[in-house]
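Got the viewer open? Let's take a walk through this one, stop by stop.

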Amino acid sequence: MALKKAVDVKPAAGKLGILLPGMGAVATTFIAGVMAVRRGLAKPIGSLTQMGTIRLGKRTDNLTPKIQEYIPLPQLDDIVFGGWDCFPDDAFTAATRAGVLEEKLLLQLKDELSAIKPMPAVFQQAWVKKLDGPHVKKGASKMELAEQLMEDIRTFKATNGCDRLVAVWCGSTEVYRKPTETHATLASFEAGLRASSDDIAPSQIYSYACLKMGVPFANGAPNMSVDVPAIVELARKQGLPIAGKDFKTGQTLMKTILAPGFKARLLGLAGWYSTNILGNRDGEVLEDPESFKSKEVTKLGVLDHILQPELYPDLYGHFDHVVRINYYPPRGDNKEGWDNIDIVGWLGYPMQIKVNFLCRDSILAAPIVLDLALFMDFASRAGMSGVQEWLSFYWKSPMTPEGLYPEHDLFIQLMKLKNTLRYTKGDELITHLGAEYYD
Ligand SMILES: NC(=O)c1ccc[n+]([C@@H]2O[C@H](COP(=O)([O-])OP(=O)(O)OC[C@H]3O[C@@H](n4cnc5c(N)ncnc54)[C@H](O)[C@@H]3O)[C@@H](O)[C@H]2O)c1
């Protein structure tokens, strides 16, 4: 039974351009991955839009289409890639440097990858202390830099014959700064751009330029690129989706899988110690305490929101939560994370869980970039504007409307995502009540 009228979603016709500010390890692993999948060289493992299914109706109906058959999404063949970086390396050179994918695979994609050259970046070293790239725009003001980005977007769209564009920030983590009065309204932000205010980060110049050009923007880093009132106001005004922040990949993914389980069984928590070693450029950037502070903020919030200490003071009122990241070059992109979890059981008896996750950062992040690009484009075609909370599934620190706490539990996030898709089709939402089977 249909609950409501389906949302009128425009078809996914024509080409979708995916714009990536920051073309390092994650971005090139994503681009090369899509190319490899298109050629049948590998499978898009980890991507909900490519491999996920969605149950419709009762369990007895046996109706479980693939998500890509259920809602209109672009075909991978209809995607073109572009982006910006403060280094001029083309996508083949950058992917080779990142060292995530094997040379054998990259060589098969060499011509296609080499053709993707980043446009010069809007970059200020004050915001990423450990980087100093030469491939950078010059402008008399931050507004002028935003206008140059808009011109890039116009040219890219025309040159590549794109029907629609979407942007996913894959650039470095900027230093942590709280929003200021400059970010309070769109008018104050635009005045700040004209005056080249120090409060405005490069990533915010990109989000501003993209939204002005009608391009939805998702933010893969912990930066405050879109979750400041001025940019939310611009997204609403333009009728465009925004989402963020910080891809949920390794340790935080594990946290949002395990913590809901402890809470479900009412097991207490005395402490959670998380440490990581990684040796890619992201790890180097995060060595700077100010960039790490941005990461720490997005990583630390997770447990408090899942465990709700205010509701369960005896179980979660006093736990210690520590997160460390250490730059260790020999590991490259292959991060190793250790978690020591001190849990508490019946009558207060302590127990320990150790998790040792030998992950590959960009391999975990690449399918998230693909899904976000396709779902953000879908949201845009469905007329969904402002913060896309239904995409919380992908974020370490999901954005929410003012005053609403974020949902971190991975399984609630997935249910929310799939129910949003059912809702757009006017199909019945799945509550898992199941009473109908016993009538
Ligand atoms: N890989 C993961 O699991 C993961 C998870 C969550 C978040 N992230 C975030 O994703 C981002 C990308 O990670 P990565 O491993 O690809 O890092 P990377 O260092 O390999 O790539 C980042 C790229 O951004 C470029 N850059 C920096 N500032 C820029 C600017 N203003 N404009 C254009 N380009 C700019 C750098 O030159 C670099 O090439 C980082 O912020 C990272 O924290 C990654």
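**Stop 1: a side chain meeting the backbone.** Start by selecting Q251 and W338: the side chain of Q251 reaches the backbone oxygen of W338 at 3.2 Å. Keep in mind as you look around that this is a predicted model. Q251 belongs to helix α11. Is Q251 buried or exposed? Its relative accessible area is 5%, and since anything under 20% counts as buried, Q251 is buried.

**Stop 2: a ring pair that starts in that helix.** Stay with helix α11, which covers residues 251–264, and select F262 there, then add W272 in strand β7 (residues 268–278). These two are 10 residues apart, and their pairing links distant parts of the chain. How are the two rings set against each other? Their centres are 6.0 Å apart and their planes are at 50°, so this pair is tilted. Both F262 and W272 are buried.

**Stop 3: another pair, another angle.** Now pick F378 in helix α15 and W390 in the loop between β11 (386–387) and α16 (410–425). Here, too, the pair links distant parts of the chain, with the two positions 12 residues apart in numbering. The ring centres of F378 and W390 lie 6.4 Å apart with planes at 75°, so you're looking at an edge-to-face pair. F378 has 1% relative accessibility, so it counts as buried; W390, at 6%, counts as buried as well.

Widen the selection to F375, F393 and Y394: together with F378 and W390 they form one aromatic cluster. Across the structure there are 11 aromatic pairs.

**Stop 4: charges over rings.** Next, select W127 and R177. R177 lies over the face of W127, 4.5 Å from the ring centre. Then jump to Y70 and K425, where the charged end of K425 sits over the ring of Y70, at 4.8 Å from its centre.

**Stop 5: the largest pocket.** Finish at the largest pocket, with a volume of about 910 Å³. Which residues are closest to its centre? Select A25, C170, G171, S172 and D282: of the 50 lining residues, these are the closest. To see where the lining comes from, colour the elements that give two or more residues to it, including α1 (25–38), β2 (79–85), α9 (202–212), α13 (289–307) and α15 (361–381). Colour the lining by class and you'll get 25 nonpolar, 11 polar and 14 charged residues.

Conventions
Residues numbered from 1 in each chain as written. Predicted model: local features only at pLDDT ≥ 70, side-chain atom pairs only at ≥ 80, totals over all residues. Heavy atoms only, no water. 1 Å grid on protein atoms, 1.4 Å probe; cavity = no way out; pocket = protein on both sides within 12 Å on 5 of 7 lines; lining within 4 Å. Points joined across faces, edges and corners; volume = space filled by probe spheres on them. Helix = DSSP H or I, 4+ residues; strand = E, 2+ residues; numbered from the N terminus. Nonpolar A, V, L, I, M, F, W, Y, C, P; charged D, E, K, R; others polar. Phe/Tyr/Trp six-rings, centres within 6.5 Å; stacked < 30°, edge-to-face > 60°. Buried < 20%, exposed > 50% of the residue type's maximum accessible area, 1.4 Å probe, protein only. Lys NZ or Arg CZ within 6 Å of the ring centre and 35° of its normal. Polar contact = N/O pair within 3.5 Å; in protein donor to acceptor, adjacent residues only side chain to side chain.
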